Amino acid sequence: MPNDLSDSAYLEGQLLIAMPAMADPRFERSVIYVCAHNREGAMGLVVNKLFDEINFEELLTQLEITLSDSSPQLSIHFGGPVEAQRGFVLHTAEYTGKGTVAVDEQVALTATLDILKELANGSSPKNTMLALGYAGWGPGQLEEEISDNAWLHAPFNEDLVFDGDVDTKWQRAMNSIGVDPSSLSGATGRA
């Protein structure tokens, strides 16, 4: 049964890679960093799609946060279709602030205005990714999608998560686990 997982079967801190035949267009060729995965469900952030409706400077202006000359030029990612107005900063774990939740020893997640203020002032973790929205699954839903061949999973790779080359992340994620997408069947399902 999908809900009868041992703790080691959960994918927290790993990557999900959409199969070529992904039926949901919002997740076509997506790479998702899994921030949480347990009996209650899963939550992750898409790391290879940009949110084109607003840029970092416009976001800070809307939030009445002053941008300094040392502010990084951050892209805003489409984190997923759930709560698209809610912001998340995925970052390396050396930063901890109010509201920071450690995913593991390498990565943490902060969803407060405080980190945006620090980013605006030029203070930031070594690696940072800003996202609006998230991908979410109910109890057993992700496990079912994996068993239906919608997703592959891969170990965490800092470059795949944090580098700015979003156009090649899906291919690089597939390559990281030795998969050639052209060799995969376009059909989903079970034998």
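Guide: Buried means under 20% relative accessible area, and that cut-off will be applied here to a predicted model.

Visitor: What makes Phe156 count as buried or exposed?

Guide: The relative accessible area of Phe156 is 17%, and because the limit for buried is under 20%, Phe156 is classed as buried.

Visitor: How many aromatic pairs does a search of the whole structure find?

Guide: The search finds four aromatic pairs, and one of them joins Tyr33 and Phe156, with 5.8 Å centre to centre and 75° between the planes.

Visitor: Why is the pair of Tyr33 and Phe156 called edge-to-face?

Guide: Ring centres must lie within 6.5 Å to pair, and planes over 60 degrees apart count as edge-to-face; the values for Tyr33 and Phe156 are 5.8 Å and 75°, so both conditions are met.

Visitor: Which parts does this pair tie together?

Guide: Tyr33 belongs to strand 2 (residues 31-38), whereas Phe156 sits in the loop between strand 9 (151-154) and helix 4 (158-162), so the pair ties together parts that are 123 residues apart in sequence. Tyr33, at 0% relative accessibility, is also buried.

Visitor: What makes the pair of Phe88 and Tyr134 edge-to-face?

Guide: Their ring centres are 5.7 Å apart and their planes stand at 80°, which is over the 60 degrees required, so the pair is edge-to-face. Phe88 lies in strand 5 (residues 82-92) and Tyr134 in strand 8 (residues 128-137), so parts 46 residues apart in sequence are tied together.

Visitor: Why are Phe88 and Tyr134 called buried?

Guide: Phe88 has a relative accessible area of 4% and Tyr134 one of 16%, so each falls under the 20% limit.

Definitions and conventions:
Residues are numbered from 1 along each chain as its sequence is written. This is a predicted model: local features need pLDDT of at least 70, side-chain atom pairs count only at pLDDT 80 or more; totals for chains, interfaces and linings use all residues. Side-chain values use heavy atoms; hydrogens and water are left out. Rings of Phe, Tyr and Trp (its six-membered ring) pair if their centres lie within 6.5 Å; planes under 30 degrees apart count as stacked, over 60 as edge-to-face and the rest as tilted. Helices (H or I, at least four residues) and strands (E, at least two) are DSSP runs, numbered from the N terminus. Buried means under 20% relative accessible area, exposed over 50%, partly exposed in between (1.4 Å probe, protein chains only).
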